[in-house]
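Open the model in your viewer and set it to a cartoon view. Keep the selection tool ready. Each stop below tells you what to select next.

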Amino acid sequence: NEIAEILQTHSQMLSLVDAANSPPSKRRKFSALPVSVAAIANGSQTVVPVPVPMQVAAAANPSQYPMPTAPPSSELLEANPYGVVYTNGYVWCDPCHQWFEVHIFDSHLQGKKHTKNIQAFSFRKVLKHWQSVRTDVLHELSGKNIQELAKDDNLWYAQICLCCLSEVQHMAWKQHAYGQIHLSNFTKAPRVVSLPRKMPPGNEGCSAIPNMFGDKYLVQILNYVPGSKILVLGEQDFSFSLAVCNMLQSGVNVVGTSYLGAYDATSTEPEEHPADDGLRANYFRRTLPSHNNKLEYNLQLLKSSGARVAHSIDATKLLECLSAVQPPLYCGPFDIIVFPFPRASLKRGTDFRNSTLIQGFFYELNRNREKLLYAMSQVQMIILDNQFKEWDIANIAKENGWTLRWRCCVNFASLPPYQPRELSGKAWSPK
């Protein structure tokens, strides 16, 4: 859960929790609030971050103490997964690997350098977590063939090499695994797989992947029949939810949701569609664009059909987000949950954040299965074929207890008025 929070925004990244008394829902924003660390030594070192009263913070004058010259101890850093350590009026920012006076730390958080560094820091946390969960350090090397162990397909997971902790396309995995850089990294820190994959990288030669049906079977496979309770995730202009209502000839049992917040006419966020790769990789917005007033038009049609709409719904925290909507709406169980073109970023090419989104989504469904789904419910995902392979979707779903039943080509002309859109809101045509 802490790793998932790190990936959201840098303000949430700096939320601190009193592990002894505060539930996750009571986490507080960090604003020049120092942290003291209590070490409990009972044969092992356990370090717990504990909020310090504000009067203590006010008494700390940076001029009374010299700025530390070395980073905090590894015990302190490991105790705070957000990378922030306070001492004597100074704050250590681990993402930027630098000390700051406490009174200027808030301004540092708003800087471009910190924003860039926090992304790399957050990603590294996720990769290290995956590595620790799926592999173990190999201490005994006698009788082991290091070169063969380094080529193990289980070291590729969700666009990541678990040895090098670098992004690797599944189509380039063999080339990477047989390369000198990978072998050198593996030799320095050999690891043995503790959690084998359920399916091979790219699903190559896997009999568990069903054949692709032609698009003439799409309506039959979707199975949108009157009375079905259907939840739609990741909307932009809510045209997919409208397409579902048209197929059902009613929206009474349909809930359409967006990850972004509701459209705000007073927002200063520009409605732009970046083409530059650097801008696309770091693109972010908080609220839905207007889509040239198409959004409002579709929302009015959904309202008249009887459908419900919700914003700021995170697919990785589905039940929590749905339950927080006011006025309350139906939170499940659903007959069908459909996620058209899930995507975590605009970055072209390999981006493990997309796999992280898929993993978090299926984990959430598995964790709250009885509340979100019936015994025979379906989870549907519309996605490009190369994304299905590269993002490791079939393997991630299988590891979370899901079985792939059907695959079908999509003729979007059969889903009017659905218009696929990028995270920025730009309309595009799947090929």
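The tour starts with the whole chain and then goes from stop to stop.

**Stop 1: the whole chain**

Keep in mind that this is a predicted model. Begin with everything selected. The protein has 18 helices and 17 strands. Of its 431 residues, 46% are buried. Now think about contacts between residues with a separation of 6 or more. Residues 24 or more positions apart account for 68% of them.

**Stop 2: the second largest pocket**

Select Val-379, Gln-380, Met-381, Leu-404 and Trp-406. Of the 40 residues that line the second largest pocket, these are the closest to its centre. The space in this pocket comes to about 1,200 Å³.

Which element gives the most to the lining of the second largest pocket? It is β16, with ten residues. Select residues 373-382 to see β16. Then add α10 (218-222), α17 (385-390), α18 (393-399) and β17 (407-408), each of which supplies at least two residues of the lining.

Colour the lining by residue type. You should find 30 nonpolar residues, five polar and five charged.

**Stop 3: salt bridges**

Next come pairs of charged side chains. The whole structure holds 13 salt bridges. A few are worth selecting one by one.

Select Lys-151 and Glu-148. Their side chains meet in a salt bridge, at 3.8 Å from N to O. Lys-151 is partly exposed, at 23% relative accessibility. Glu-148 is also partly exposed, with a relative accessible area of 49%.

Move on to Lys-174 and Asp-153. This salt bridge spans 3.1 Å, N to O. Lys-174 lies in helix α8 (residues 173-177), while Asp-153 sits in the loop between α7 (146-150) and β7 (156-157), so the pair ties together parts that are 21 residues apart in sequence. Lys-174 is partly exposed at 47% relative accessibility. Asp-153 is partly exposed at 26%.

Now select Glu-364 and Arg-367. Their closest N and O atoms are 2.5 Å apart, in another salt bridge. Both residues belong to helix α15 (residues 352-367). They are three residues apart, about one turn of the helix. An α-helix has 3.6 residues a turn, so residues three or four places apart point the same way.

Is Glu-364 buried or exposed? It counts as buried, at 1% relative accessibility. Its partner Arg-367 is partly exposed, at 44%.

Finish this stop with a trio. Select Asp-385, Lys-389 and Arg-407, which are linked in a network of salt bridges.

**Stop 4: the two faces of α9**

Select helix α9, residues 180-188. Look along its axis. His-182, Leu-183 and Phe-186 are buried. They cover an arc of only 95° around the axis, which puts them on the same side of α9.

Which exposed residues does the face turned away from the buried side carry? They are Gln-180, Ile-181 and Lys-188.

Now show what covers the buried residues of α9. The cover includes α7, β8 (160-161), α8 and β10 (191-193). You met α8 at the previous stop, with Lys-174 in it.

**Stop 5: Ser-241**

Select Ser-241, in helix α11 (residues 239-248). At 1% relative accessibility, Ser-241 counts as buried. Show its neighbours, leaving out residues up to four places away in sequence. Ser-241 then touches Val-232, Glu-235, Val-254, Gly-256 and Leu-302.

**Stop 6: Pro-417**

Last, select Pro-417, in the segment after β17. It is partly exposed, with a relative accessible area of 38%.

What does Pro-417 touch, not counting residues up to four places away in sequence? The answer is Ser-239, Leu-242, Ala-243 and Asn-246. Look back at the range of α11, residues 239-248, to place these contacts.

Then add Asn-298. Pro-417 and Asn-298 are 119 residues apart in sequence. In space, their C-alpha atoms are 9.5 Å apart. The tour ends here.

How values were computed: Residues numbered from 1 in each chain as written. Predicted model: local features only at pLDDT ≥ 70, side-chain atom pairs only at ≥ 80, totals over all residues. Heavy atoms only, no water. 1 Å grid on protein atoms, 1.4 Å probe; cavity = no way out; pocket = protein on both sides within 12 Å on 5 of 7 lines; lining within 4 Å. Points joined across faces, edges and corners; volume = space filled by probe spheres on them. Helix = DSSP H or I, 4+ residues; strand = E, 2+ residues; numbered from the N terminus. Nonpolar A, V, L, I, M, F, W, Y, C, P; charged D, E, K, R; others polar. Salt bridge = Lys/Arg side-chain N within 4 Å of Asp/Glu carboxyl O. Buried < 20%, exposed > 50% of the residue type's maximum accessible area, 1.4 Å probe, protein only. Arc of directions from axis to C-beta. Contact = heavy atoms within 4.5 Å.
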